[in-house]
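Grab a pencil and work through the exercises below with the structure open beside you. Each one sets a task and then walks through a solution.

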Amino acid sequence: LLVYVIDIQDRERFESSLHYFDSIVQYFIENEMDVPIIVTFHKYDPEVRTYEEINEDIMKLKEKIEETYPSFNILFQQTSIYDVISIVQLISYGLSVFDNKFFELSLLLETHLGEFDCTSLVLFDKNGIIISEFYNDSIDPTIYTHLIESIKEHLFILKRMDEEEFLEDHNFFSIENDIISYLHQIYANDEKFFISILIKEDKKEPFLLKFSEFRDQLTNILESLTS
């Protein structure tokens, strides 16, 4: 796996960075190496995310890289040391490129993060180990605090679900600022998984209408991964 970092705040070095990136890719081509690649536009700090110039640069760089290397499956990500979630997502992206089904899983979660209009989608195994996770780009510090508390609570609940053999396969609980947290248990080839979702109270009903289809798609992918 190659994670290539471009400083999105240093426009003067874009061309030299692309030139160096090209030298690496050409080496892969010459040696017939099939290496997964993630290009991350780093220093995409919270205070610059609304800058039109920054976002246009990201779009142009992405398009240029995609057009130059059409035969490579390259993923793109924005990261910042001031946004720990962006770093976590980079790791999830890194895992996804090694397996087509895991890539499908990541794509499913990322897509439904937007469709549900939720703050987070986190998939755990029965031991509470995070398999994949996606977070809303616009998450603010107060919501992030709730998110951490939600994950802790979900880890506790899934342990109880496993030990006490809960009849219910899901659990809702409310936290501050009209935010609710949802945990749903999923079975795939006799293996237990848990999907954790943090969402605004007023998004609950639309979310529930869409969830069953998402659950079925998720179950199918997990069954493929565990078969």
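**Exercise 1. Work out what share of the contacts between residues at least 6 apart in sequence joins residues at least 24 apart, then sketch the overall layout.**

Step 1. Keep in mind that you're looking at a predicted model. Take the contacts in the protein between residues at least 6 apart in sequence: 60% of them join residues at least 24 apart.

Step 2. Now list the elements. The protein has six helices and eight strands, and from the N terminus on they run β-α-β-α-β-α-α-β-β-α-β-β-β-α.

Step 3. Finish with burial and surface. Of the 227 residues, 44% count as buried. The protein exposes about 12,700 Å², and carbon and sulfur atoms supply 50% of that area.

**Exercise 2. Check the length of helix α1, then find out which of its residues are buried and what covers them.**

Step 1. Start with the ruler. Helix α1 covers residues 14–30, which makes 17 residues. At 1.5 Å a residue, α1 should span 24 Å, and its end C-alpha atoms are indeed 24 Å apart, so the two values agree.

Step 2. Pick out the buried positions in α1: F14, S17, L18, F21, I24, V25 and F28. They cover an arc of only 120° around the axis, which means they sit on the same side of α1.

Step 3. Why would that spacing work? An α-helix has 3.6 residues a turn, so residues three or four places apart point the same way.

Step 4. Flip the helix over. The face of α1 turned away from its buried side carries the exposed residues E15, H19, Y20 and E30.

Step 5. Ask what does the covering. Over the buried residues of α1 you'll find, among others, β1 (2–7), β2 (37–42), α2 (52–68) and β3 (74–78).

Step 6. Don't skip the exit. Just after α1, E32 takes a positive phi of about 50°.

**Exercise 3. Do the same for α2: which residues are buried, and which exposed residues does the opposite face carry?**

Step 1. The ruler again: the 17 residues of α2 should span 24 Å at 1.5 Å a residue, and the end C-alpha atoms of α2 are 24 Å apart, which agrees.

Step 2. The buried residues in α2 are I54, D57, I58, L61 and I65. Seen down the axis of α2, they fall within an arc of 100°, so they line one face of the helix.

Step 3. The face of α2 turned away from its buried side has E52 and E67 as its exposed residues.

Step 4. Cover for the buried residues of α2 includes β1, α1, β2 and β3. Compare that with α1, where the cover includes α2.

**Exercise 4. Find V48, decide whether it is buried or exposed, and name its contacts.**

Step 1. V48 lies in the loop between β2 and α2.

Step 2. Apply the cut-off: buried means under 20% relative accessible area. V48 has 6% relative accessibility, so V48 counts as buried.

Step 3. Leave aside neighbours within four places in sequence, and V48 is in contact with Q9, K43 and I54. Of these, I54 is a buried residue of α2.

Step 4. Look at the Q9 pairing: V48 and Q9 are 39 residues apart in sequence, yet their C-alpha atoms are 8.9 Å apart in space.

**Exercise 5. Go through the salt bridges: how many are there in the whole structure, and what does the one between K64 and E15 tie together?**

Step 1. A search of the whole structure finds seven salt bridges. Side chains of opposite charge can pair when their charged atoms come close.

Step 2. K64 and E15 meet through their side chains at 3.4 Å, N to O. K64 lies in helix α2 and E15 in helix α1, so the pair ties together parts that are 49 residues apart in sequence.

Step 3. Check how open each partner is. K64 is partly exposed at 39% relative accessibility, while E15 is exposed at 52%.

Step 4. Next, R13 pairs with D10, with the closest N and O atoms 3.8 Å apart. R13 is exposed at 54%, and D10 is partly exposed at 24%.

Step 5. Then there's R215 with D216, at 3.5 Å from N to O. R215 is partly exposed at 28%, and D216 is partly exposed at 39%. Elsewhere, salt bridges that share partners join R11, E53 and D57 into one network.

Definitions and conventions
Residues are numbered from 1 along each chain as its sequence is written. This is a predicted model: local features need pLDDT of at least 70, side-chain atom pairs count only at pLDDT 80 or more; totals for chains, interfaces and linings use all residues. Side-chain values use heavy atoms; hydrogens and water are left out. Helices (H or I, at least four residues) and strands (E, at least two) are DSSP runs, numbered from the N terminus. The expected span of a helix is 1.5 Å times one less than its number of residues. Buried means under 20% relative accessible area, exposed over 50%, partly exposed in between (1.4 Å probe, protein chains only). The arc is that of the directions from the helix axis to the C-beta atoms. Contact means heavy atoms within 4.5 Å. A salt bridge is a side-chain nitrogen of Lys or Arg within 4 Å of a carboxyl oxygen of Asp or Glu. Accessible areas come from the Shrake-Rupley method with a 1.4 Å probe; for residues, only the protein chains shown count as cover.
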